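Thanks for passing this one along. Here are my notes, with a couple of backbone spots to look at and then some words on internal space.

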Amino acid sequence: MANARLAGGGDRVAWGAGLFALGGFADRVGLTSALSAAVPRRGERAPVHDRGVLLVHLLLVLAGGGEACTDIEHLRSQRDLFGAVGSHSTLYRALRGIDGSGLGALWGAAATARGEAWSKRRGSGPLVLDIDSTLVEVHSENKQGAAPHYKGGFGFHPMMCSTGDGEPLWVKLRPGNAAANDIADHIEVLDAAISALPDADAAGHRAGDDAALGGREMVLRVDAGGCSARIAEACRDRNITFFMSARATAGIDAAIAAARCDPRRWTAAVANPKQRRSKAHVAELTDLVDLSGWPARTRLIIRREPLHPGAQRSLFASENFRYWGFLTDAQAGPAQLDKLMRKHADVEDAVARLKDSGLARMPFTAWDANCAWAALCTISAALVHWFQTRCLTGPLKRAAPKRLRWQLWHLPALVCETGRRVKLRLPTAHPGAKALLAAQHPN
């Protein structure tokens with residue numbers, strides 16, 4: 001340990017300066033006001049705490065590592081920073097009061113704020129959507145919807161959609177025994193994710209929209225659980241390019257067997273930036289497989305790489321290579337398409353971030369309350385992503401939730417009063433403090 005000791009005498013020191021900045025950012029992008037409008041007051045008497053402010057406080061709790069309503073008590077101890085914060089019982093009643101229509105209003109409020117958050121960073125390239133599901137273990141048989149799942153555990157099986165850069169858009173809470181390859185759920189999640197986008201990005205991609213309205217290309221990537229001709233047709237109807245990990249079938253096995261000894265078909269894959277060259281190769285085998293049940297222009301791309309110790313063999317039994325493939329209707333070279341599809345693995349990082357933001361625990365017994373909890377976990381993770389994109393630079397721009405908590409959200413500050421205003425003085429030598437000071441004037 002360093003040659004230092006603890007001494008008393010300091011007062012008006014508050015923790016959570018980073019969460020204070022995150023709450024201010026939520027106000028600036030209109031999330032607080034949108035949530036206030038989305039959750040109207042009920043009953044004859046007006047509530048003491050505005051429901052939008054209360055829910056934003058919950059978003060801060062989730063960003064800071066909270067896992068239950070009782071964790072909001074940590075914000076209540078910092079009145080100088082967060083003002084009057086509702087109690088955990090008030091928060092509990094608010095979440096229990098959100099039904100199906102209220103849940104839709106929450107998602108609508110997030111979509112409204114997303115339009116403002118994206119207003120200064122909208123890119124010109126394709127907008128990539130990734131769909132994946134995950135398992136949430138619970139240890140109580142009293143929670144509605146909890147059920148045994150295919151891995152032998154017990155809990156829930158939510159399905160989520162995120163953007164290619166990791167921002168969660170929408171999540172559907174499902175029972176533990178829900179199938180990973182449920183076609184209807186994939187299409188529902190896709191449509192809900194599109195509705196969560198700003199109008200400029202969603203135009204032309206909603207069900208029934210004229211394709212001529214689409215001003216930005218959209219791409220959907222799914223794993224083998226979403227490999228279905230019906231989902232591909234749904235993408236075609238919405239003017240969306242699809243990428244789907246192929247399932248092992250006799251037809252694909254035969255195509256690989258026919259092409260494996262033909263060197264003219266195989267080209268070098270695009271190397272990872274950390275590699276000098278790639279040992280993998282890709283080939284298009286569309287002409288060797290029957291794709292008559294798929295939309296026109298569907299292609300089969302196969303990737304092979306040398307087996308390494310512990311590698312899982314897939315699609316074709318081989319002693320030398322691991323084969324993996326995907327179906328797509330994109331029009332580009334196999335190597336470039338393979339590079340884009342391999343980025344689908346980043347969805348696992350988005351899932352991990354979401355589970356580290358409260359989704360790993362369902363604190364209620366009622367189904368609707370847990371659906372509201374899952375939605376707010378998603379909105380909290382999205383708020384953090386907006387803050388990172390708009391306000392942070394360097395390593396913090398892509399930092400995981402744990403690093404943000406250690407270095408940013410829980411940063412202490414000295415509370416100083418100047419006239420009628422309260423100011424926070426930060427240790428300017430701290431890299432997190434520099435980021436927060438810069439965040440007061442986001443790009």
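**Notes on two loops and a cavity**

1. N239 sits in the loop that runs between α10 (229–237) and β9 (241–245). Please keep in mind as you look at this loop that the model is predicted. The residue is not a glycine, yet N239 has a positive phi of about 60 degrees.

2. Is N239 buried or exposed? With a relative accessible area of 36%, N239 counts as partly exposed, because that class covers values between the 20% and 50% cut-offs.

3. A second spot to check is R297, found in the loop between β11 (281–284) and β12 (299–306). Here too phi is positive, at about 75 degrees, although R297 is not a glycine. The relative accessible area of R297 is 53%, so this residue falls in the exposed class, which starts over 50%.

4. Now to the inside. How many cavities of 30 Å³ or more are there? The count comes to one, and the volume of the largest cavity is about 140 Å³. Its lining is made up of 17 residues, and those closest to the centre are R353, S357, A381, V384 and P401.

5. Which elements give two or more residues to that lining? They are α13 (347–359), α14 (367–391) and α15 (401–409). The largest share belongs to α14, with five residues.

6. For anyone thinking about the chemistry of the lining, the largest cavity is bordered by nine nonpolar residues, five polar ones and three charged ones.

How values were computed
Residues numbered from 1 in each chain as written. Predicted model: local features only at pLDDT ≥ 70, side-chain atom pairs only at ≥ 80, totals over all residues. Heavy atoms only, no water. 1 Å grid on protein atoms, 1.4 Å probe; cavity = no way out; pocket = protein on both sides within 12 Å on 5 of 7 lines; lining within 4 Å. Points joined across faces, edges and corners; volume = space filled by probe spheres on them. Helix = DSSP H or I, 4+ residues; strand = E, 2+ residues; numbered from the N terminus. Nonpolar A, V, L, I, M, F, W, Y, C, P; charged D, E, K, R; others polar. Buried < 20%, exposed > 50% of the residue type's maximum accessible area, 1.4 Å probe, protein only.
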